[in-house]
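Subject: Structure handover

Hello,

Here is the structure you asked to take over. My notes on what was found in it follow below.

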Amino acid sequence: MNSFMKSILVWMGIVVLLAMAFRFMPATTHVKSIPFSTFMTEGPEGKYKSVTLTGSDLEGEYRQPLKEGGESIDRYKTVAPPMQNLGQQIMSWKQEGKLDKFEATKPSDGMWMTYLIFFGPIIVFVFLWFAFMRQAQAGGNKAMSFGKARAKGLSASAKRITFADVAGCEEAKEELKEVVEFLKDPAKFVKLGGKIPKGLLLMGPPGTGKTLLARAIAGEAKVQFFSISGSDFVEMFVGVGASRVRDLFEQAKKSAPCIVFIDEIDAVGRHRGAGLGGGHDEREQTLNQLLVEMDGFEGNEGVILIAATNRPDVLDPALLRPGRFDRRVVVDRPDVKGRFEILKVHTTNKIPLAPDVDLEVIARGTPGFAGADLANLCNEAALYAARTNKKWVEMTDFENAKDKVYMGAERRSMVMTEEDKKITAYHEAGHTVLAAAIKGADPLHKVTIIPRGRALGVTWQLPERDRYNTTKEFMEGRIAICMGGRIAEEIFFNQFSTGASNDIQQATDMARAMVTEYGMSEKLGPLNFGAGANHEIFLGRDFSQQRNFSEETARTIDAEVHDIVMRNYKIAKDLILDKRSQLIAIAEALLLRETLDGHDVEVLMKGGTLPPRPDVTGGSAPAITGEKGEDPGLNPVPSPI
């Protein structure tokens, strides 16, 4: 039995004893027990002022108090034998004027019912009061338990993650290993006058492994580890966040040396004074308390604070100054080598791989993937293999999984007319011809007219290496490739469709970024004209800073964006007209096979012939040559008027 239940039983016992004491406490007035025969004799003589009949019990007051032994007796009581007309006799005394008051009541339900009626509310009140006080004590003398931090420690039974389980962020691991070494051997640093950073801020895009790194630190250091989310500090009651911060650091000081990890710290660490309007901001009070605990009058020796966020731009400057978060560790998306190591972690001893699986090829074909994306890719590939009852995961499963992660699931059940399918094939063939013809463009990986996600078809280019710098020529080539689908529809069908809307948006965004952000405009020169399309307004701080140029400059920017897009539109159109026969061959191949890889496109661009490929019916698709093909432009679809 825990202490809480013991305390409840003790209080209930006290209440029962008090009730019994009240029950059997002698009355302030003296009561005389008399025989029933005396009652029947004295009643008609008028000696009683009142009579109360309850079942067989009789009691009441004397008209004149009796004097016995120096005491004044003003009440009496007796017990009546079973009588049918007792009440009528007593009523006759009242009618004759011998009795002032007569009252008959029902018998009570017993002693315990009396206790329940009179002392039940007292018991409930005592129970609620005790529960409230107990919760207040558990919360560090705060209102109930809201002031207590909800930090979770690393349980002994949980699987410990080490740095060997983390791949793709070697630089971040090196910085964090220094913290682990300090916790294991602090004298090594102290003897040279060094001080371990009080706080480490892990910054990076979502899914790059910031939380996993924190868990690895706990597994390597083998010290007490407290984990809490930034949103756990925020409640509906004022002052709760600051209270939880105090309680968190009190727990940490008692367990020093230890690590405190705050995930998504931007929930409470946002820039102060950024909200519109006045009023009290609970998050600001929480942040103020966090700043004081990290670097205030009281030291926190042995307590290392690690925080993670993917929005470092919105954090308060006071939180990022030296003495608080001394060290900022960038956990960025992995490069080719990092992606290869991550794929090894997720497949070794976990996913049986077929001999044809090449993780280096998969790593090269997944630029921009974070660790979480690669984990999802491996899982989707395993699900594809299991769906077809395979014994291991093959390269085709990874390809299908990559297509699904990039573009969404196939929509083979989608019913398309032959005309829509034909327009889609020529649209994607326009992108494909330009991707193969423009120098410096990323190599073509795959082109398909199988609907995926919200797209009717996809032309997929993959870089040979990670690209860290983008040139003006490359961006203009990308704009030209984006326009290939619309140009093909214009040339071969004499019409425009909504299928080019996303291509136009991408081309326009790239051209505007070239002018306003990258200084690639010939007229405007190397100047920056405000935030880009991907900039997120931080309400209250950046809202008034979105327009920092004149109307005349805005018109010049629009004119430059138009010139860049239309110049590359003309280049793309000339290339497609020059490669007209190759485009027709690629479109016909797409209509027959639905999907072509980079090698197939290369063969058709050189005028070669694709070998027959078995189709789903058991026969074989005909061979396709890059030298022939019926031009659909001979019978163009009439353009709307």
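Two residues are in contact when heavy atoms of theirs lie within 4.5 Å of each other. By that criterion, and leaving aside neighbours within four places in sequence, F474 touches G440, A441, D442 and R467. Please bear in mind that this is a predicted model.

F474 belongs to helix α16, residues 472-482. Its relative accessible area is 14%, so it counts as buried, the cut-off being under 20%. Between F474 and I438 there are 9.4 Å in space, C-alpha to C-alpha, and a sequence separation of 36 residues.

Overall figures

The chain has 641 residues, and 40% of them are buried. Its secondary structure consists of 21 helices and 18 strands. Of the contacts with a separation of 6 or more, 71% are between residues 24 or more positions apart. The accessible surface is about 35900 Å², and carbon and sulfur atoms account for 55% of that area.

The five-stranded sheet

One open sheet has five strands with mixed pairing, in the order β1-β4-β3-β2-β5. Strands β1 (30-33) and β5 (101-105) are at the edges with a single partner strand each, so each has one side without a neighbour in the sheet. On average, neighbouring strands here are turned by 25 degrees against each other, direction ignored.

The partner of β5 is worth a closer look. Strand β2 (residues 48-54) runs parallel to β5, and five bridges join the two. Within this pairing, T54 has T105 in β5 as its bridge partner. Helix α3 (residues 86-95) lies across β2, β3 (57-68) and β5, and it makes an angle of about 160 degrees with β5.

Aromatic pairs

How many aromatic pairs does a search of the whole structure find? The count is 11. One of them is F39 with W93, a tilted pair with 5.4 Å from centre to centre and 55 degrees between the planes. F39 sits in helix α2 (residues 36-42) and W93 in helix α3, so the rings come from distant parts of the chain, 54 residues apart. F39 is buried, with a relative accessible area of 0%, and W93 is also buried, at 5%.

Another pair is F225 with F261, whose ring centres are 6.4 Å apart and whose planes are at 20 degrees, so this pair is stacked. F225 is in strand β8 (residues 224-229) and F261 in strand β9, so the pair ties together parts 36 residues apart in sequence. F225 counts as buried at 5% relative accessibility, and F261 is buried at 2%.

F39 and W93 also belong to an aromatic cluster, which they form together with F36, Y48, Y62 and Y76.

Helix α5

Helix α5 covers residues 170-184, which is 15 residues. From first C-alpha to last it reaches 21 Å, close to the 21 Å expected at 1.5 Å a residue. The buried residues in α5 are A172, K173, L176, V179, V180, F182 and L183. Which elements cover them? The cover includes the helices α6 (187-190) and α7 (210-221), together with the strands β7 (199-203), β9 (258-263), β10 (303-309) and β11 (327-330). Strand β9 is also where F261 of the stacked pair lies.

Positive phi values

Two residues should be noted for their backbone angles. E264 has a positive phi of about 55 degrees, although it is not a glycine. E264 lies in the loop between β9 and α9 (282-294) and is partly exposed, with a relative accessible area of 34%.

E594 is likewise a residue other than glycine with a positive phi, near 70 degrees. Its place is the loop between α20 (580-593) and β14 (595-597). E594 is partly exposed, with a relative accessible area of 24%.

Regards

Note on methods. Residues numbered from 1 in each chain as written. Predicted model: local features only at pLDDT ≥ 70, side-chain atom pairs only at ≥ 80, totals over all residues. Heavy atoms only, no water. Helix = DSSP H or I, 4+ residues; strand = E, 2+ residues; numbered from the N terminus. Expected span 1.5 Å × (residues − 1). Buried < 20%, exposed > 50% of the residue type's maximum accessible area, 1.4 Å probe, protein only. Areas by Shrake-Rupley, 256 points an atom, 1.4 Å probe, with all protein chains shown as cover. Pairing = 2+ DSSP bridges. Axes fitted to C-alpha atoms, helices over the stretch in contact; angles between N-to-C directions. Phe/Tyr/Trp six-rings, centres within 6.5 Å; stacked < 30°, edge-to-face > 60°.
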